[in-house]
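Biologist: I am new to this structure and would be grateful for a close look at a single part of it. Please take the nonpolar cores and what lies around them.

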Amino acid sequence: MRAVDIIQKKRDGQELSPEEIRFLIQGYSNGKVPDYQIAAWAMAVYFQGMNARETASLTLEMAKSGDQIDLSPIQGIKVDKHSTGGVGDKTTLVLAPLVAAAGVPVAKMSGRGLGHTGGTIDKLEAIAGYQVELERSQFFTQVNDIGVSLIGQSGNITPADKKLYGLRDVTATVESIPLIASSVMSKKIAAGADAIVLDVKTGSGAFMKTLDDSIALAQAMVDIGTEVGRHAIAVISDMDQPLGHLIGNSLEVEEAIMTLRGQGPADLHELCLILGAHMLVLGGKAQDEADARRQLEQHLQDGTALQKLKQLVAAQGGDVSMIDDPSRLPHAGDRIEVAAQTDGTVAAIQAEHIGIAAMLLGAGRETKDSVIDLAVGIDLRKKVGESVRVGDVLAILHVNDKGRMEEAKERVLKAYEITPQEVAAKPLVYAVVTKDGVQRFV
């Protein structure tokens, strides 16, 4: 085989065989196929696309390029959850203990954030003493003992994907649905999950801005799951405004704790019930979504979900007293109010601006070497559909370093769109995508 022939074949819109895809990915991984040829191939894929079989082949080759984790020592059906990312998205912190309380084992490896706010692992480090690294055998034993473990990604997972993503980032080929879908799913498959629930965000703060594009990405990922023998389902959820009220690492841990107590914001509470219900059905612990939802609500009401979080934190060396008393979590020194400058109703909150404002305060990383301030962030006091008057507090900035505070305030004000007209609340979930098709709710 020659790389140039494979590039030409895809350029002309033809289907690549599994062997041709293997040749490219293995060659790129071992240095035999150069960057410039993979860049040309990626651009051909960008314009010509890939079918479900091709995308599945690409996904498997990237998964095989590094370590593949065998979760068979863990009892039960292992269900993973993946979000395509959003501002204020702390669902893993709620879902992991909630779903584990219902009997579905959660063996989750999460990453750190690069961008607006920290990843799940950064957030967990707001809990003093929490160990994000465990030996593989400890990881398995803990999940078998208490049903849940949340650790950082370890080992050499999907190196071909890391290499390819870096190239896509500088060749204007990031926004290719087959390449995005295979990137996400290769990591999930390498991580060993039996079933996967995907939370695909849509809207201004999401990677996919339109509903049609979000559904297309969800369908591509579900199709990959089906092709490689994994059960997968995708929920299309709103990211036209941040999820919940608190953005920032320690603040998001606090909001997750409040949600497990049954006192969290309505949108976060509801989305966790929806995603969790699908996890229980795929995990064989519920007959249908209604049954699953009843179980989850019971675990929130009787405190067993919160108790499971305490078990998780204790098992990984964390200070459980911070769960009992979230005021002991890291807190910023100053709170700066951002006030409304006009009367009206909140029509939109550009989530991306809020995320950037949080990053300016130190809650996220501008570069890989940036150090996160776990205590800082933003508390949104007004959400879409709520009325405001001049001087009302839209948000509170939690600040330690005031060096970029004014810039962050400007970003928050820019994020809020206030209109004289009444505004209907945004839908939380737009569609669910399964191997059988798309169920739209709007």
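Modeller: The answer below treats the cores and then one buried residue. This is a predicted model, in which local features need pLDDT of at least 70 and side-chain atom pairs count only at pLDDT 80 or more, while totals for chains, interfaces and linings use all residues. Residues are numbered from 1 along each chain as its sequence is written, and side-chain values use heavy atoms, with hydrogens and water left out.

A nonpolar core is a set of buried Ala, Val, Leu, Ile, Met, Phe, Trp, Tyr and Cys residues joined through side-chain atoms within 4.5 Å; buried means under 20% relative accessible area, exposed over 50%, and partly exposed in between (1.4 Å probe, protein chains only). The largest nonpolar core has 87 residues, of which Ile127, Ile354, Ile378, Leu397 and Val412 touch the most other members. Helix H12 (residues 266–282) gives the most to this core, namely nine residues; helices (H or I, at least four residues) are DSSP runs numbered from the N terminus. Apart from this core lies another, of 39 residues, including Ala63, Val143, Ile151 and Leu217.

Contact means heavy atoms within 4.5 Å. Beyond its neighbours within four places in sequence, isoleucine 127 is in contact with Val253, Val313, Gly318, Asp319, Met322, Ile323 and Leu329.

Alanine 190 belongs to helix H9 (residues 177–190). With a relative accessible area of 0%, alanine 190 counts as buried. Its contacts, leaving aside neighbours within four places in sequence, are Ala63, Asp67, Gln68, Ile69, Ile157 and Thr158. From alanine 190 to arginine 22 the C-alpha to C-alpha distance is 16 Å, and the two are 168 residues apart in sequence.

Conventions
Helix = DSSP H or I, 4+ residues; strand = E, 2+ residues; numbered from the N terminus.
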